[in-house]
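Grab a pencil and work through these exercises with the structure open beside you. Try each task yourself before you read the solution.

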Amino acid sequence: MLDRIHSIDARVRAYITLTPDLAMRQAAEADERLRHPDAPRLCGVPLALKDVLSTRNVKTTCGSKILGNFVPPFDATVVSMLRDAGAVTVGKTNMDEFAMGSSTENSGFFPTFNPWDLDRVPGGSSGGSAAAVAADECIAALGSDTGGSVRQPAALCGVVGMRPTYGRVSRYGLVAFASSLDQIGPITKDVTDCAILMQAISGHDALDSTSLQADVPDYESSLHADVAGLKVGLPREYMAAGVDEGVRGVVLKAIDRLTEAGMEIVDISLPHTEYALATYYVIAPAEASANLARYNGVKYGYFDPDSDGVEELMMNSRGTGFGAEVKRRIMLGTFALSSGYYDAYYLRAQKVRTLIKRDFDQAFESVDLIVTPTSPTVAFPVGEKVDDPISMYLSDVMTLPGPIAGIPGISVPCGFSQGLPVGLQFMAPPLGETVLLRAAHAYEQLAGVESATARKAV
Amino acid sequence: MAARANGGYRVVIGLEVHAQLLTESKMFCACSAKYADAPPNTVVCPICLGMPGVLPVINEQAVEMTILTGLALNCRIPAHAKFDRKNYAYPDLMKWYQISQYDLPFCVGGHLDVTVDGIDRRLGITRVHLEEDTARMIHGRDEAGEDYSLLDVNRSGAPLMEIVSEPDMKTAAEAREYLMSLRNILVYLDVSTANMQEGAFRCDANISVWPRDGEIGNSKVEVKNMNSFRSVYRALEFEEKRQIAVWESGNGPPEQETRGWHEASGTTVSQRTKEYAHDYRYFAEPDLPPLVLDEAWVGEIAARMPELPSALEHRLIEQVGIRPDDARQLINNRELLRYFEEAAASYGDPQRVANWITRDLVKALGDAGASPSESPVGPGDLIELLKLEDSNRVSGKMARDIFRTMFETGRSAAEIVAQQGEQITDQDEIRQAVVKAIQENPKAVADFQAGKKQAAGFLVGRVMRATRGRANPARVNELIAAELG
């Protein structure tokens, strides 16, 4: 695996930091554990971690210059869980700075490229993790999903990406972007791996007060349960204008496959969908403006060495350390929370959030699942949207509503358009991970043939 | 008071008190909350350092202490509470936001009853809420004359309870009485040391002054940097006079601003005017779900309510028979009260014990800079001394000297008496000393016989000196009178 990384990562650029010594040490320990028949499923499996996850004694940059030299003294809860399960962590993957972006071009260091076409983006913000899985630079990876940052890059890289229910996976040690939306999720080559990884990272954590107390089901064994009779809602708002024709065709064909498996497709409406983007871009930056306030050059991370006095140090460190998109969102969020604007923006966004959640609650009274495209387009060329934030924001339009409602979603590869992968998204009610995995797995079994029609560039 | 004295003005005072709680751990992490004696930056963890990716977990003990305080202050405990982020940028604030409570605090709408100059006053409590303390900044200047600032993060994340009063106080004396009563309540609830000098009890005051014949407006001056009850009193007195002067000069109302109390000059100094007022951009803390305060839980907390200082004071006066001034002095110092209770338990005259404590013990402790619990003379030792006096083995004067010796040497009353000798009550022994004094001081005798009755006092003094203070003073007086006939 390390050889594979060394041979191709100069072209893909999935990793910010590689930890070969740590990986070899973990591998040796795993070999020892594997002598025993009860070794965990993940024992010895090489995984990659998005660089938003805190790793003890391993640099954790969050894709930002402001944390360019930051080495945390503690592991994120999920990292400890993976290590306890015997996983081998090969490195930290590239990402949009502080997970703000949909192409990994906003990394403070360098962009990552799509393994299917190196002139295109891998999606984002977990673009490094998705590219690493797609390019066989690891078996599976963890990403984080605030508005689609696991599912969208998984779709654009032709791999599986799951966002769990908010609170299913501990956020302790996940560097916060928007606390009420952030969730850690697996990016894997297939749905079975996704279930295995979900098993390893799910569960209540006393260190995260928003983590759920609910028991963790056996995800892997739930994969094989029958899908016949499952009612799948197709929200008309998601197939409206804005979805690329090629993507639409591939997705509709995939939906036909679901009926072959015995699922029933039902037309539904989620009427507040059109407000999701605006709602997200008030709430997420507002929370981010507070979450990113701590990076001031005083305690850790980058500081401006030429500053005179502590005030100047704090201002210059932030001015230089943060990239343009991060600054844009800090300003947006600060504005939205400001006295005189709070009611019109933040408070109203919270109210719309309730309405969007209600849309889903009502829909799930009549359907078991919702199916949509994951992204309105396939991977776009590097540089195409960097100067047009609104069009960049629109690439998450299918994945934003789920996090606003706190519900889980999964993206599975469902074919190709222009030779590039297309993702099919399923969403389920809170804690509906088992039904998501079951449906995604059933689809994956049926659609296996189509996946082989295109070739990767690496 | 001053408003009355000035006739034409009304003074409006409200107080915000921050009290550090005596919890085991900090507000949102597992670090110890007892960091006072620790070297700087040693009682810290990623959470109270505000490192990337950390999350807060609510300290249940701190919530219980806050609710207990609210109940003691007659507050309502709403069923729903939440934490919020208060955003401001300062180097002592690790996350650049403070987790506090904005619109749903734990306790609302209470009151505190006080008596000032014999007048009963009910002072409103707006709210009691919980938040986290900041790190401590230490500013200095090095040998080269460069200013520097040091940061001690030990205090960061310590649980801090804020008690906000209604603007119900009309004088500096009322404000001081409110603060002392509040301090006593926190101490008796065991929720805070409420020690102002150590920063465990901090007070900011809002004060405004308005002409009696006009409306009370909205602007006010916030006064900070007061670190004793006395400085709160002085600062408010100063501010009242200053604001009246602004009105008198035709420039009222005084500008809304924050002013700092300057102890040395006895004045307040402008720190921040309205244009620089903070916009804290409060919003609900997304890392902490809203809390539902179960009625049964609040009931359990209420059941732990100890006797409050006001009730205790009442009981001391009405049932134990202690003079009001002494009762107040005992209540104001919980250790002193404990000392009293222990001593009085084995002695029949509680007021006499109180006299000794408020007079001799307090004086000796003050001279030694010690607290009652550190007193070398324990409650039992004091009672032993009182019993020696009761049995006439020592005089009242001797007892006070023996107490001083006990305090200074740590020896028992019995030991000291054994060494110095008991009181001399024997008629003959005293008569001998009296006769000797008369023989040796003919001038005093002559003065006395010439009508200068105070000359007898001189002779008493000679007798007491000759007996090293042990002669029973009453007997000495009797015998001198008799001998000089």
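## Exercise 1: A valine in a helix

Val246(B) sits in helix α4 of chain B, which covers residues 229-248. Keep in mind that you're looking at a predicted model.

**Task.** Work out whether Val246(B) is buried or exposed, and find which residues Val246(B) touches beyond four places away in sequence.

**Solution.**
- Step 1: Start with the accessibility. Val246(B) has a relative accessibility of 18%, and the cut-off for buried is under 20%. So Val246(B) counts as buried.
- Step 2: Now look for its partners. Leaving out residues up to four places away in sequence, Val246(B) touches Asn251(B), Gly252(B) and Pro254(B).
- Step 3: Try a distance as well. Val209(B) is 37 residues from Val246(B) along the chain, and their C-alpha atoms are 9.7 Å apart.

## Exercise 2: Three salt bridges

**Task.** Take the pairs Arg35(A) with Glu32(A), Glu313(B) with Arg328(B), and Lys397(B) with Asp401(B). For each salt bridge, find the N to O distance, then check what you can say about its residues.

**Solution.**
- Step 1: In the pair Arg35(A) and Glu32(A), the closest N and O atoms are 3.5 Å apart. A salt bridge needs a distance within 4 Å, so the pair qualifies. Arg35(A) has a relative accessible area of 61%, so it is exposed. Glu32(A), at 46%, is partly exposed.
- Step 2: For Glu313(B) and Arg328(B), the closest N and O atoms lie 3.3 Å apart. This pair links distant parts of the chain: Glu313(B) belongs to helix α6 (residues 309-320) of chain B and Arg328(B) to helix α7 (residues 324-331) of chain B, 15 residues apart. Glu313(B) is buried, with a relative accessible area of 16%, whereas Arg328(B) is partly exposed at 26%.
- Step 3: Lys397(B) and Asp401(B) meet at 2.8 Å, N to O. Both are in helix α11 (residues 396-409) of chain B, and because they are 4 residues apart there, about one helical turn separates them. Asp401(B) counts as partly exposed, with 40% relative accessibility.
- Step 4: Put these pairs in context. Over all chains, the rule gives 50 salt bridges.

## Exercise 3: Where chain A meets chain B

**Task.** Describe the interface between the two chains: how many residues are in contact, how much area is buried, and how many salt bridges are there?

**Solution.**
- Step 1: Count the residues. On the chain A side 38 residues are in contact with 27 residues of chain B.
- Step 2: Get the area. The two chains bury about 2,600 Å² between them, and 65% of it is on carbon and sulfur atoms.
- Step 3: Look for charged pairs. The count between chain A and chain B is 1 salt bridge. Arg171(A) and Asp287(B) form a salt bridge, with their closest N and O atoms 3.0 Å apart.
- Step 4: Add the polar contacts. There are 11 residue pairs in polar contact between the chains, both residues being at pLDDT 80 or more.
- Step 5: Ask which elements take part. On the side of chain A that touches chain B, the elements giving two or more residues are α9 (276-291), α10 (310-321) and α11 (324-337) of chain A. The largest share, 4 residues, comes from α9(A).
- Step 6: Sort that side by class. You get 22 nonpolar, 10 polar and 6 charged residues.

## Exercise 4: Two domains in one chain

**Task.** Chain A is assigned a domain 1 and a domain 2. Find how far apart their C-alpha centres lie and what the rules find across their interface.

**Solution.**
- Step 1: Mark the bounds. In chain A, domain 1 is 2-272 + 356-455 and domain 2 is 273-355.
- Step 2: Compare centres. The C-alpha centres of these domains of chain A are 25 Å apart.
- Step 3: Count contacts. In chain A, 36 residues of domain 1 are in contact with 31 residues of domain 2.
- Step 4: Find the buried area. Domain 1 and domain 2 of chain A bury about 3,100 Å² between them, with 63% of it on carbon and sulfur atoms. In domain 1 of chain A, Ile66(A), His272(A) and Tyr393(A) lose the most area to domain 2, together 24% of what that side buries.
- Step 5: Check the pairs. Across this interface of domain 1 and domain 2 of chain A the rule finds 0 salt bridges, but 25 residue pairs are in polar contact, both at pLDDT 80 or more.

Notes: Residues numbered from 1 in each chain as written. Chains lettered and ligands numbered in written order. Predicted model: local features only at pLDDT ≥ 70, side-chain atom pairs only at ≥ 80, totals over all residues. Heavy atoms only, no water. Domains from an automatic or database assignment. Contact = heavy atoms within 4.5 Å. Buried area = accessible area lost by both parts, 1.4 Å probe. Salt bridge = Lys/Arg side-chain N within 4 Å of Asp/Glu carboxyl O. Polar contact = N/O pair within 3.5 Å; in protein donor to acceptor, adjacent residues only side chain to side chain. Nonpolar A, V, L, I, M, F, W, Y, C, P; charged D, E, K, R; others polar. Buried < 20%, exposed > 50% of the residue type's maximum accessible area, 1.4 Å probe, protein only.
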